[in-house]
2 protein chains.
Amino acid sequence: MKIVFLGSGNVATHLALAFKGAGHQIIQVWSKTKAHAARLAAGLDAEALNDLSDLDRSADLYLISIKDEAISELATSLKGLHGVVAHTSGATSIHALQDLSAHGVFYPLQTFSKDKALDLSNTPICLEASSAKVMDVLKLAAQSISEVSFEVDSPRRKILHLAAVFACNFTNHLYQMSYSILEQHGLDFNLLKPLILETASKVQNEVPFKVQTGPAIRQDEGTMARHLALLDDRPELQDIYITLSNSIKKTHL
Amino acid sequence: MKIVFLGSGNVATHLALAFKGAGHQIIQVWSKTKAHAARLAAGLDAEALNDLSDLDRSADLYLISIKDEAISELATSLKGLHGVVAHTSGATSIHALQDLSAHGVFYPLQTFSKDKALDLSNTPICLEASSAKVMDVLKLAAQSISEVSFEVDSPRRKILHLAAVFACNFTNHLYQMSYSILEQHGLDFNLLKPLILETASKVQNEVPFKVQTGPAIRQDEGTMARHLALLDDRPELQDIYITLSNSIKKTHL
């Protein structure tokens, strides 16, 4: 397939590299900032542009990977394209692209960071399309980079995105809180890394509910009181400790 | 070494299996409930007991792996032993064992669940001892099952335990919240598993602060408002969503 990327952030970068690795041709990368487009395009043998009037109109697939709130507006500038136009946002409805004839959604359920290589082969790709023909194109593209792709409508994709915020964004912030607690006491975050991996690994085969551990599920009020005392100079962490411990207790009543 | 386990829960089970695998001899397992002792002892060719007067007094190491609040009391029943007595608790001071001549702490910084096999080889073992001679015994034991062991005093071990609550217990509860959101909408938790693994994997090489993603760090108020609307029938999850999003925003000001 001939693919054009509109956007050059983390999602665009990881998808573009995966598509190139799967043998597709990334012909252009557009970004509002030419230098950003150029940085990504360089690794793909693609053309970089920041003027939409230079867009190659012969591509099979145009992937929009920009800030959610800018998608609709960009879409109106793409009217008249014959190729499929899809956005990669979990939280944005397919309707943002409704003015385009062949449109859809291509949402990889994964967390992308700049300098971290990533094998997308088991990342679920959530697909939605304006027609069966468009779905065929998106499926072909998805199956070339991942073994897991499936159709999901916009309301349910938004639920997936919400759940991902809990399982990924909030989780990473908890890692950061533990990092800052250790740092404050001159202890090394490396010590927690095997625990973090094992915690994630456990729920690959068990329901999280069944493998919950810690003082809150044991109703170990003494340990929790001592933990709160250790956080006396970190009222914000105390607040989060109480909120989450109460939630664990309530969930496991 | 000849080792006796006092306690037969998850920590005792995983440690005992690791010690047996490393060639040590587990001679006895004590538990208040004989059947519990017997269940663990059976897999170890060890004797099960629930009466402390039957304790073999020739062991090199006695490991106490029971509820935190019961450790002191059990310790007073062990007076006069010649072997090293250590507890495995992160949150309990070494002083809980102070009436015993050779005592210490042997705390594996890991999460243990019943039916999940676990390679302890990279699990940090936190050691504390009443004397240099006792530390030698604990080090020898630790190094036989893990490549990572180090001395840490009780106050700093309690900090490690507190940080582990954030990185493990609270994290698992977030997994459970995402599970329940998906379940409520008939979506499959399997879809989040690659994301969960990647989130844990990212912080093995990066500071969590640097790889934070999601609507809160982007100050994407529109997406956050829509997420809260989706949680309208789950006020407790709304509360946690707001608390953690505000904390992310504050951390990344």
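**Stop 1: Leu127(B)**

Select Leu127(B). It sits in strand S7 of chain B, which covers residues 125-129. This is a predicted model, with an ipTM of 0.94 and a pTM of 0.93.

Is Leu127(B) buried or exposed? Its relative accessibility is 1%, so Leu127(B) counts as buried. The cut-off for buried is under 20%.

Now show what surrounds Leu127(B). Set aside neighbours within four places in sequence. The contacts of Leu127(B) then include Val105(B) and Phe106(B). Met135(B), Leu138(B), Lys139(B) and Ala142(B) are also among them. Ser149(B), Phe150(B), Glu151(B) and Val152(B) complete the list.

Next, draw a distance from Leu127(B) to Arg234(B). The two residues are 107 positions apart along the chain, and their C-alpha atoms are separated by 43 Å.

**Stop 2: the sheet of chain B**

Colour the strands of chain B. They form an open sheet of eight, in the order S3-S2-S1-S4-S5-S6-S7-S8, with mixed pairing. Which strands stand at the edges? They are S3 (47-49) and S8 (149-151) of chain B, each of which pairs on one side only. Neighbouring strands in this sheet are turned against each other by 25° on average, direction ignored.

Select S1 (residues 2-6) and S2 (residues 25-30) of chain B. They pair in the parallel sense over five bridges. Look for Ile3(B): it stands opposite Ile26(B) in S2(B).

Now add the helices that pack here. Helix H1 of chain B (residues 10-21) lies across S1, S2, S4 (61-64) and S6 (103-108) of chain B. Its direction is at about 170° to S1(B). Helix H5 of chain B (residues 154-184) also packs on the sheet. H5(B) touches S5 (84-87), S6, S7 and S8 of chain B, and its direction makes about 160° with that of S7(B).

Move to S4(B) and S5(B). They pair in the parallel sense over four bridges. Tyr62(B) stands opposite Val85(B) in S5(B). Show the side chains of S5(B). Val84(B) and Ala86(B) point one way, Val85(B) and His87(B) the other. All of these residues are buried.

**Stop 3: chain A as a whole**

Switch to chain A. How many helices and strands does chain A have? There are eight helices and eight strands. The average pLDDT of chain A is 96, and 100% of its residues score at least 70. Zoom out to fit the chain: its C-alpha trace spans about 65 × 35 × 30 Å along the principal axes.

Colour chain A by burial. Of its 253 residues, 57% are buried. Then turn to contacts in chain A with a separation of 6 or more: residues 24 or more positions apart account for 51% of them.

**Stop 4: the sheet of chain A**

Select the strands of chain A. Here is an open sheet of eight strands with mixed pairing, ordered S3-S2-S1-S4-S5-S6-S7-S8. S3 (47-49) and S8 (149-151) of chain A stand at the edges. Each has a single partner strand, so one side of each is left without a neighbour in the sheet. Neighbouring strands turn by 25° against each other on average, direction ignored.

Go to the S8(A) edge. S7 of chain A (residues 125-129) runs parallel to S8(A), and three bridges join them. Cys126(A) stands opposite Phe150(A) in S8(A).

Then find helix H1 of chain A (residues 10-21). It lies across S1 (2-6), S2 (25-30), S4 (61-64) and S6 (103-108) of chain A, at about 170° to S1(A). Helix H2 of chain A (residues 34-42) packs on the sheet too, touching S2 and S3 of chain A. The direction of H2(A) makes about 165° with that of S3(A).

**Stop 5: where the chains meet**

Show both chains. Select H5 of chain A (residues 154-184) and H7 of chain B (residues 221-230). Their axes are 10 Å apart, and the helices pack at an angle of about 100°. That angle makes H5(A) roughly perpendicular to H7(B).

Which residues make the contact? From H5(A) come Lys158(A), Ile159(A), His161(A), Leu162(A) and Val165(A). H7(B) brings Thr223(B), His227(B) and Leu230(B). By type, the residues of this contact divide into four nonpolar, three polar and one charged.

Last selection: Glu198(B), in helix H6 of chain B (residues 193-202). Glu198(B) counts as buried because its relative accessibility is 9%. Leave aside neighbours within four places in sequence, and Glu198(B) is in contact with Gln110(A), Thr111(A), Lys116(A) and Leu118(A).

Note on methods: Residues numbered from 1 in each chain as written. Chains lettered and ligands numbered in written order. Predicted model: local features only at pLDDT ≥ 70, side-chain atom pairs only at ≥ 80, totals over all residues. Heavy atoms only, no water. pLDDT = per-residue confidence, 0-100. Axes fitted to C-alpha atoms, helices over the stretch in contact; angles between N-to-C directions. Helix = DSSP H or I, 4+ residues; strand = E, 2+ residues; numbered from the N terminus. Parallel < 35°, antiparallel > 145°, perpendicular 65-115°, else oblique. Contact = heavy atoms within 4.5 Å. Nonpolar A, V, L, I, M, F, W, Y, C, P; charged D, E, K, R; others polar. Buried < 20%, exposed > 50% of the residue type's maximum accessible area, 1.4 Å probe, protein only. Pairing = 2+ DSSP bridges.
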